Amino acid sequence: MGSKIAFTFREQLDGTIGGDHHNYCLQCGACVAGCPAARYSEDFNPRTILLKTLLGQEEELIGADSVIWLCTNCYTCYERCPQDVRPIEVIIALKNMAAERGVLPDEVNKFAEMISSRGHSAVLSESVNRRREKLGLDPIPRVPVEELTAILADPEEGEVPSGGGAGEVLEPLGSKAGSQEGPGKVRPEKRAGVEKKPSKKASGGKASAKKVGRKKPRTTKRSNR
Ligand code: SF4
Ligand code: SF4
């Protein structure tokens, strides 16, 4: 017979947000057809990633050199999958497992550090806003980093700072305090509303088909890969 299934790893994946849907993959290959990363690299294939999750092939999936890091997070596979597996969310779960174990590519680590320290994954200077202004675009909002730091902190230890709480207005990059209306700003009542609502990702996107009755799988044209 073929390889043994490592259920311990699958249980760990089940316990990671977005990971439990891997159980529903029927290996149809529909997710591969529109995947830009699969077009770019012969090594990347969401169907085979899902196969490896079903087999519990931890060494193949968790590591700085794993193919999972080639995923562009485009969500095409989410739309294509007839089984509501949400391959992208399984891949994100795998990435989170890798990050928890400290095995992620240096570049990804640098992006994460930039986001936690600056709120953006790239360095944004005033020249960016000047160019945006010429193009008729709003200034980039300044991210309240202290609030982000509190969110990213260990929930046991993290505290929302008094000066950067939910009611504070986002200011455009480089702006001085001013009116609460205008380009690049978000009104406090809007922000408060947003924080009360769980995000699509946090709530698992679509209504959970697993818990409340899964949607009926559609018949779909199979990919050759
Ligand atoms: S489309 Fe869905 S069911 Fe089909 S191989 Fe991809 S993840 Fe599995
Ligand atoms: S989210 Fe990732 S796996 Fe899914 S289609 Fe896009 S690149 Fe491919």
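Which residues come nearest to ligand 2? I began my notes on this predicted model there. I listed 14 residues around ligand 2. Cys35, Cys71, Cys74, Cys77 and Ile88 come nearest among them.

Next I looked up which elements supply that shell. Helix 3 (36-40), helix 6 (76-80) and helix 7 (87-100) each give at least two residues to the shell around ligand 2. Helix 7 has the largest share, with three residues. I then sorted the shell around ligand 2 by class and found eleven nonpolar residues, three polar ones and no charged ones.

I turned to ligand 1 and asked the same things. I found that 15 residues surround ligand 1. The closest are Cys25, Cys28, Cys31, Cys81 and Val85. Two elements, helix 2 (30-33) and helix 4 (46-55), give two or more residues to the shell around ligand 1. Of these, helix 4 makes the largest contribution, three residues. By class, I noted ten nonpolar, three polar and two charged residues in the shell around ligand 1.

Last, I checked the protein as a whole. How many helices and strands does the protein have? I recorded twelve helices and zero strands. The pattern along the sequence is therefore written with α alone, as α-α-α-α-α-α-α-α-α-α-α-α. I also looked up burial: 20% of the 225 residues of the protein count as buried. For contacts, I took those in the protein with a separation of 6 or more. Residues 24 or more positions apart account for 68% of them.

Technical notes. Residues are numbered from 1 along each chain as its sequence is written. Chains are lettered from A and ligands numbered from 1 in the order in which they are written. This is a predicted model: local features need pLDDT of at least 70, side-chain atom pairs count only at pLDDT 80 or more; totals for chains, interfaces and linings use all residues. A residue is near a molecule or strand if its C-beta atom, placed from the backbone, lies within 6 Å of it. Helices (H or I, at least four residues) and strands (E, at least two) are DSSP runs, numbered from the N terminus. Ala, Val, Leu, Ile, Met, Phe, Trp, Tyr, Cys and Pro count as nonpolar, Asp, Glu, Lys and Arg as charged, and the others, Gly among them, as polar. A residue is buried if 20 or more other C-beta atoms lie within 10 Å of its own, exposed if 12 or fewer, and partly exposed in between; C-beta atoms are placed from the backbone. Two residues are in contact if their C-beta atoms, placed from the backbone, lie within 7 Å.
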